[in-house]
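The following report describes a protein model, beginning with one strand and its pairing and ending with the overall fold.

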Amino acid sequence: QDSLTSLYWLSSLRSIVSVSPQPLVKMAPQKNVVKSIVRGTEASRLPQRTEGGYTHKWTVFVRGIGDGNITPFVEKVIFNLHPSFLQPERILTAPPYEVSEMGWGEFEIGITIFFQDYPTPFRYTHQLHLFPFGGAVPFQSYYLLLLFGSCQKKSSGSRGGQDVVHNEIYESVTFRDPTPRLRKILSRYRLPSPLPPPRAWAPFGDLGEESSLQALGEAEAAVLEQIKNQLVAYSGVNNKIIALRKEIASLEEKEARPFRRDQLRKYKV
């Protein structure tokens with residue numbers, strides 16, 4: 001049997017080798033540079049509703065991590081607010097790259113970041129949250145940034161006696177084959193190591209490997225429980241559909257004619 005297996009793989013190898021060889025083109029290795037930024041929103045409730053009906057003040061921003069200065073390699077940032085705002089497109093060419101407004105509703109904000117001496121802008125959609133998050137706050141950590149290129153922090157805390165709602169995303173930006181000028185600029189921007197100590201609302205605290213694995217396990221268990229509950233709900237709906245189909249077939253057989261849809265009105269599906 002081992003001999004037959006060897007012959008099989010040998011014949012497969014010959015069939016591959018027998019294909020007309022293509023000239024090998026030596027590709028220059030890509031020299032990518034990866035840097036991290038934070039995009040986010042923070043919101044707090046106003047002491048009282050304004051005449052315009054506004055209930056919250058909020059800020060959307062793009063910043064460096066910790067005390068990291070992103071100004072040298074950021075050309076401009078464009079924030080696209082909800083069309084109901086006066087001048088919904090806000091273009092910022094100098095820091096701070098942020099927009100502060102007042103409002104009463106949550107919506108998605110478009111964020112476009114243009115970098116110095118780089119042809120392709122980076123586009124994101126960010127959710128503005130005004131109200132505190134119920135239940136457990138989703139776990140995120142620096143390990144997720146390393147694995148997946150981004151991680152998120154949602155939290156509700158207090159600052160200066162006011163409740164503040166944060167929704168931040170720690171984004172890993174990959175510059176593919178940057179120009180020598182941009183590469184030199186980027187080399188001056190370094191991620192703080194270790195990460196800045198957590199503030200009162202703990203944005204992107206490094207929980208450590210053991211705590212990270214525990215939190216991921218808890219998140220997995222919560223998702224599995226939700227899937228189980230959804231399957232039970234779907235099963236109940238499916239059983240109801242089967243029962244109604246049987247009832248329709250029985251009525252059609254009794255009356256020896258197709259059952260009209262308008263006769264289903266007295267049945268609740």
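Buried residues have under 20% relative accessible area, exposed ones over 50%, and partly exposed ones lie in between (1.4 Å probe, protein chains only). Helices (H or I, at least four residues) and strands (E, at least two) are DSSP runs, numbered from the N terminus. This is a predicted model, in which local features need pLDDT of at least 70 and side-chain atom pairs count only at pLDDT 80 or more, while totals for chains, interfaces and linings use all residues. Residues are numbered from 1 along each chain as its sequence is written, and side-chain values use heavy atoms, with hydrogens and water left out.

**Strands 3 and 4**

Strand 4 (residues 89-92) presents R90 and L92 on a covered face, whereas E89 and I91 form an uncovered one. In a regular strand the side chains alternate between the two faces of the sheet. Strand 4 runs antiparallel to strand 3, and 4 bridges join the two; strands pair if DSSP finds at least two bridges between them. Within this pairing, F79 stands opposite R90 in strand 4.

E75 belongs to strand 3 (residues 74-80). The C-alpha atoms of E75 and T93 are 6.2 Å apart, although the two residues are separated by 18 residues in sequence.

**Two residues compared**

Contact means heavy atoms within 4.5 Å. The table sets out accessibility and contacts for E75 and T55, leaving aside residues up to four places away in sequence.

| Residue | Relative accessible area | Contacts |
|---|---|---|
| E75 | 37%, partly exposed | T93, F114, F115 and Q116 |
| T55 | 10%, buried | R45, L46, R49, G103 and W104 |

T55 is located in the loop between strand 1 (33-45) and strand 2 (56-63). T55 counts as buried because its relative accessibility is 10%. Its side chain makes a polar contact with the side chain of H56 at 2.8 Å. A polar contact is a pair of N or O atoms within 3.5 Å; within protein, one must be able to donate a hydrogen and the other to accept it, and residues adjacent in sequence count only if both atoms are side-chain atoms.

**Overall fold**

The protein contains 4 helices and 9 strands, arranged along the sequence as α-β-β-β-β-β-β-β-α-β-β-α-α. Of its 269 residues, 32% count as buried. Among contacts with a separation of 6 or more, 62% involve residues 24 or more positions apart. The protein exposes about 18,500 Å², of which carbon and sulfur atoms supply 55%; accessible areas come from the Shrake-Rupley method with a 1.4 Å probe, and for residues only the protein chains shown count as cover.
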